[in-house]
Amino acid sequence: MQAAVFVGAFTALLWIIEIIDVASGSRLERNGIQARSVEGLWGILFAPVLHDDWQHLIANTVPILVLGFLVLLSGLARGLAATGIIWVVGGFGTWLTAGSYTNTIGASILIFGFIAYLLVRGFFTRKLGQLAIGVVVFAAYGSALWGVLPSDPNISWQGHLFGAVGGVIAARLLSADARADRARVKALDRPTLRP
């Protein structure tokens, strides 16, 4: 229930921000990630909640709701930590690599991060339920991963790529406890040998 409420509130916030942006004459969306400029670093904080137009926001709404819910489902604290890692890694990677004089905005950084996180988390934790979620996510969103490659000059493949990198890093970091538990059990199962 908490996961649904939280992701629903975040999505509502995205819509409220777009209403404000439209009312301001699209001034808010100028605060995205501006590659390799000091001012553009602030865009790392704002880019995932800003959208170019209604079509851009509508395209991101359902994936944010579905994938965000699945990420938060395993625990609010862990899901928020994963989101934070994706947000920062995706934003900073985009800031470093995007084309000069570009302004990158959109929740796609989070979406690609969520996809990657959900796909690989089960491999790190070795939990059957998380592996199953990864299979379902791959079936539903796997084709979107082509978006990490350059194709459309108006779409930030860098945001997609580094969002996905952030997702893999988050899955690795946040599975440390499961990996440690596995190592402990393995150590206990070793036979004791006498000389």
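**Exercise 1. In this predicted model, find which side chain makes a polar contact with the side chain of Thr125, and decide whether Thr125 is buried or exposed.**

Solution. The side chain of Thr125 makes a polar contact with the side chain of Gln130, at a distance of 2.6 Å. To place this contact in the fold, note that Thr125 lies in helix H5. For the second part, take the relative accessible area of Thr125, which is 10%, and compare it with the cut-off, since a residue is called buried when this value is under 20%. Thr125 is therefore buried.

**Exercise 2. Describe the overall make-up of the chain: how many helices and strands does it have, and in what order do they run?**

Solution. Begin with the count, which comes to eight helices and two strands. Reading from the N terminus, the order of these elements is α-β-α-α-α-β-α-α-α-α. The C-alpha atoms fill a box of roughly 80 × 35 × 30 Å along the principal axes, and of the 195 residues in the chain, 43% count as buried. Finally, consider the contacts between residues at least 6 apart in sequence: 78% of them join residues at least 24 apart.

**Exercise 3. Follow helix H3 from its start to the residue after it, and state where it is kinked and what covers its buried residues.**

Solution. At the start of H3, a side-chain oxygen of Asp53 comes to within 3.3 Å of the backbone nitrogen of Gln55. The helix itself covers residues 54-73, which makes 20 residues, and its span of 28 Å from first to last C-alpha is close to the 28 Å expected at 1.5 Å a residue. Along the way there is a kink of about 30 degrees at Asn60, shortly before the proline Pro63. Both Asn60 and Pro63 belong to the buried residues of H3, among which are also Leu57, Ile64, Leu67 and Val71. To understand such a pattern, recall that an α-helix has 3.6 residues a turn, so residues three or four places apart point the same way. The cover over the buried residues of H3 includes helices H1 (2-23), H4 (76-97), H5 (108-125) and H6 (128-141). H3 is followed by Gly75, which has a positive phi near 135 degrees.

**Exercise 4. Identify the residues that touch the most other members of the largest nonpolar core, and state which element gives the most to this core.**

Solution. The largest nonpolar core has 33 residues, and those touching the most other members are Ile64, Leu67 and Tyr117. Two or more residues of this core come from each of H1, H3, H4, H5, H6 and helix H7 (157-173), and H5 gives the most, with nine residues. Leu67 serves as an example: leaving out residues up to four places away in sequence, it touches Ile111, Phe114, Ile115, Leu118, Val137 and Tyr141. There is also a second, separate core of five residues, including Ile33, Ile44, Ala47 and Trp95.

**Exercise 5. Which residue forms a salt bridge with Arg78, and why does the pair tie together parts of the chain that are far apart in sequence?**

Solution. Start from the principle that side chains of opposite charge can pair when their charged atoms come close. A search of the whole structure finds one salt bridge, and Arg78 forms a salt bridge with Asp177, with 2.9 Å between the closest N and O atoms. Because Arg78 lies in helix H4 and Asp177 in helix H8 (residues 176-189), the pair ties together parts that are 99 residues apart in sequence. As a last step, examine the accessibility of each partner: Arg78 counts as partly exposed at 29%, and Asp177 counts as partly exposed at 40%.

Terms used. Residues are numbered from 1 along each chain as its sequence is written. This is a predicted model: local features need pLDDT of at least 70, side-chain atom pairs count only at pLDDT 80 or more; totals for chains, interfaces and linings use all residues. Side-chain values use heavy atoms; hydrogens and water are left out. Helices (H or I, at least four residues) and strands (E, at least two) are DSSP runs, numbered from the N terminus. The expected span of a helix is 1.5 Å times one less than its number of residues. The bend at a residue is the angle between axes fitted to the seven residues ending there and the seven starting there. Buried means under 20% relative accessible area, exposed over 50%, partly exposed in between (1.4 Å probe, protein chains only). Contact means heavy atoms within 4.5 Å. A polar contact is a pair of N or O atoms within 3.5 Å; within protein, one must be able to donate a hydrogen and the other to accept it, and residues adjacent in sequence count only if both atoms are side-chain atoms. A salt bridge is a side-chain nitrogen of Lys or Arg within 4 Å of a carboxyl oxygen of Asp or Glu. A nonpolar core is a set of buried Ala, Val, Leu, Ile, Met, Phe, Trp, Tyr and Cys residues joined through side-chain atoms within 4.5 Å.
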